[in-house]
Every structure is written in structure tokens, then in C-alpha cells.
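Please find below my note on the aromatic contacts in this entry. The sequence and model are placed first for reference.

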Amino acid sequence: PARAFFDNMISSAGQPPSSILYIGDRLDTDILPAHDAGLRTCLIKRGPWGYIFEHSPEAVIADLQVASLGEVLASLRGQAI
């Protein structure tokens, strides 16, 4: 998505960007632009893109990496990302 998408999402949420977790399976269109907008990010290894990007050096920019949506809450419990 374009930067305007993230700006509108942040505005609609009424929360600071650092308190929003954006989950996506692509680095180029999800994780990197969301990170640039100040959001916390989660790379989900779902579908071909999630697995293609999981070993990319840029994947370390994601605050979390999970294999399924079910793992997101478990990963967040007890940690402040």
C-alpha cells in the first residue's frame, strides 16, 4: 500500500503508530512501508511470499515473525514490542 494507506489507518485508529501492529507476508509491500510509517510489524510466513522473504536480510526489521495468525498473541504475551 501507498504511504497514504498507512497514514489513514493510523489516523483512523486514533493511536500512536508505535502501538499498532501491522501483520503482513511481504517485506516490500507490507513490512518495510509499515515500519517506515512508524508501526510495529509482524512478518507472517503464510503463502509463498512469507516463505520467500523469511530468510531475506531485511526480515530482521520485523518486530515479530510467526508461522500463523494463531502465534501472534502467544508471541506478544509477556513482551513489549
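1. Over which ring does the charged end of arginine 26 sit? The ring is that of tryptophan 49, and the charged end of arginine 26 is 4.0 Å from its centre. A charge sits over a ring if NZ of Lys or CZ of Arg is within 6 Å of the ring centre and within 35 degrees of the ring normal.

2. On the basis of the note: this is a predicted model, in which local features need pLDDT of at least 70, side-chain atom pairs count only at pLDDT 80 or more, and totals for chains, interfaces and linings use all residues. Residues are numbered from 1 along each chain as its sequence is written, and side-chain values use heavy atoms, leaving out hydrogens and water.

3. There are four aromatic pairs (ring centres of Phe, Tyr or Trp, the last by its six-membered ring, within 6.5 Å; planes under 30 degrees apart are stacked, over 60 edge-to-face, the rest tilted). One of them joins phenylalanine 5 and tyrosine 22, edge-to-face, at 6.4 Å centre to centre with 80 degrees between the planes. Phenylalanine 5 lies in helix α1 (residues 3-13) and tyrosine 22 in strand β1 (residues 21-24), so this pair ties together parts 17 residues apart in sequence. Helices (H or I, at least four residues) and strands (E, at least two) are DSSP runs, numbered from the N terminus.

4. Phenylalanine 5 is partly exposed, at 38% relative accessible area, whereas tyrosine 22 is buried at 12%. Buried means under 20%, exposed over 50%, and partly exposed in between (1.4 Å probe, protein chains only).

5. Phenylalanine 6 also pairs edge-to-face with tyrosine 22, at 5.1 Å centre to centre and 65 degrees between the planes. Both phenylalanine 6 and tyrosine 22 are buried. Ring pairs thus link Phe5, Phe6 and Tyr22 into a cluster.
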